[in-house]
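Please walk me through this structure in the viewer, one selection at a time. Tell me what to pick next and what is found there.

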Amino acid sequence: MVNGKSQKVKGHCRCGQVEFEVSATPLITMACHCTGCQQMTSSAFSLSSLFPSTAFSIISGAPVIGGLHGRTRHYFCAHCMSWLFTRPEGMDDFVNVRSMMLEDSQTYKPFIETYTDEKLAWATTGAEHSFCKFPPQETFPELLQKYAQKQE
Ligand SMILES: [Zn+2]
Ligand SMILES: [Zn+2]
């Protein structure tokens, strides 16, 4: 990830059958402590980076829906079952990519953390902003702006 440039970054699942690409810097990076994410990652929290849908494309393979099959849909590799990205309910223009699938995963340190209500007591993420559930809708513009300023 090079800030301020439209450099493309590739990502892939564990087995490599699904490959994708992002062509923008993330709008925000997150850690989620909800029990659903704990179960789907088999770990303490999930890590994701939000991108505009227009900056995300599948290069190879065909992701399948797993996890939630409703209005929020989680996409996986059909072969190795890696969780790749999420299409969140009511956010058709955005895709929430699992940061660990991106080749430069080291750079997507979580800026916010969500669902600390369900957090494991020992789990820490280093995120600057914590929310007991999701951030209220009206706080999003300011959070995105603060994240963007940090990348400058
Ligand atoms: Zn795979
Ligand atoms: Zn979650």
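**Strand E9 and its neighbours**

Begin by selecting serine 49 and valine 97: serine 49 stands opposite valine 97, which lies in E9. The model on screen is a predicted one, and every value below is computed from it.

Extend the selection to the strands around this pair. Strand E4 covers residues 46-52, and 5 bridges join it to E9, with the two running antiparallel. Now colour E9 itself, residues 94-98, by accessibility. The strand is mostly covered, since 4 of its 5 residues are buried.

Next add E8. E8 and E9 also run antiparallel, joined by 2 bridges. To see the pairing, pick threonine 86, whose bridge partner in E9 is asparagine 96. Then follow the turn of this hairpin, where 6 residues lie between the strands. Select glycine 90 there; its phi is positive, near 70 degrees.

**Strands E1 and E2**

Move to the hairpin of E1 and E2. These strands pair in the antiparallel sense, over 4 bridges. Lysine 10 is one residue to pick, with glutamate 21 in E2 as its bridge partner. Which residues of E1 form the covered face, and which the uncovered one? Val9 and Gly11 are on the covered face, while Lys10 and His12 are on the uncovered face.

Between the strands of this hairpin there are 6 residues, and glycine 16 among the hairpin residues has a positive phi near 90 degrees.

**The zinc ion (ligand 1)**

Stay in this region and select the zinc ion (ligand 1). Show the side chains of Cys13, Cys15, Cys77 and Cys80: the SG atoms of these residues are the protein donors, 2.3 to 2.4 Å from the ion. Along the chain, the donors follow the spacing C-x1-C-x61-C-x2-C. Cysteine 13 and cysteine 77 link distant parts of the chain, 64 residues apart. Cysteine 13 sits in the loop between strand E1 (9-12) and strand E2 (19-22), and cysteine 77 in the loop between strand E7 (73-76) and strand E8 (83-87). Both of these cysteines are buried.

Why is the arrangement at the zinc ion (ligand 1) tetrahedral? The 4 donor atoms subtend angles of 106 to 114 degrees, and the arrangement is therefore tetrahedral. For reference, the ideal angle for four tetrahedral donors is 109.5 degrees.

**The zinc ion (ligand 2)**

Select the zinc ion (ligand 2) next. Cys32, Cys34 and Cys37 coordinate this ion through their SG atoms, at 2.1 to 2.3 Å. The spacing of these donors along the chain is C-x1-C-x2-C. Check two of the cysteines by accessibility. Cysteine 34 has 15% relative accessibility and so counts as buried. Cysteine 37 is buried as well, with a relative accessible area of 10%.

**The whole chain**

Finally, zoom out and show the chain as a cartoon. There are 2 helices and 11 strands, in the order β-β-β-α-β-β-β-β-β-β-β-β-α along the sequence. The C-alpha trace spans about 35 × 35 × 30 Å along its principal axes. The radius of gyration is 15 Å, which agrees with the value near 15 Å for a compact globule of 152 residues.

Switch to contacts: of those between residues at least 6 apart in sequence, 55% join residues at least 24 apart. Then show the surface. Buried residues account for 39% of the 152 residues. The accessible surface is about 8400 Å², and carbon and sulfur atoms contribute 51% of this area.

How values were computed
Residues numbered from 1 in each chain as written. Chains lettered and ligands numbered in written order. Predicted model: local features only at pLDDT ≥ 70, side-chain atom pairs only at ≥ 80, totals over all residues. Heavy atoms only, no water. Donors = N, O, S within 2.8 Å, 3.2 Å for Na, K, Ca; no water. Tetrahedral: all angles 85-135°; square planar, octahedral: opposite > 155°, others 65-115°. Buried < 20%, exposed > 50% of the residue type's maximum accessible area, 1.4 Å probe, protein only. Rg over C-alpha atoms; globule rule 2.2 N^0.38 Å. Contact = heavy atoms within 4.5 Å. Areas by Shrake-Rupley, 256 points an atom, 1.4 Å probe, with all protein chains shown as cover. Pairing = 2+ DSSP bridges.
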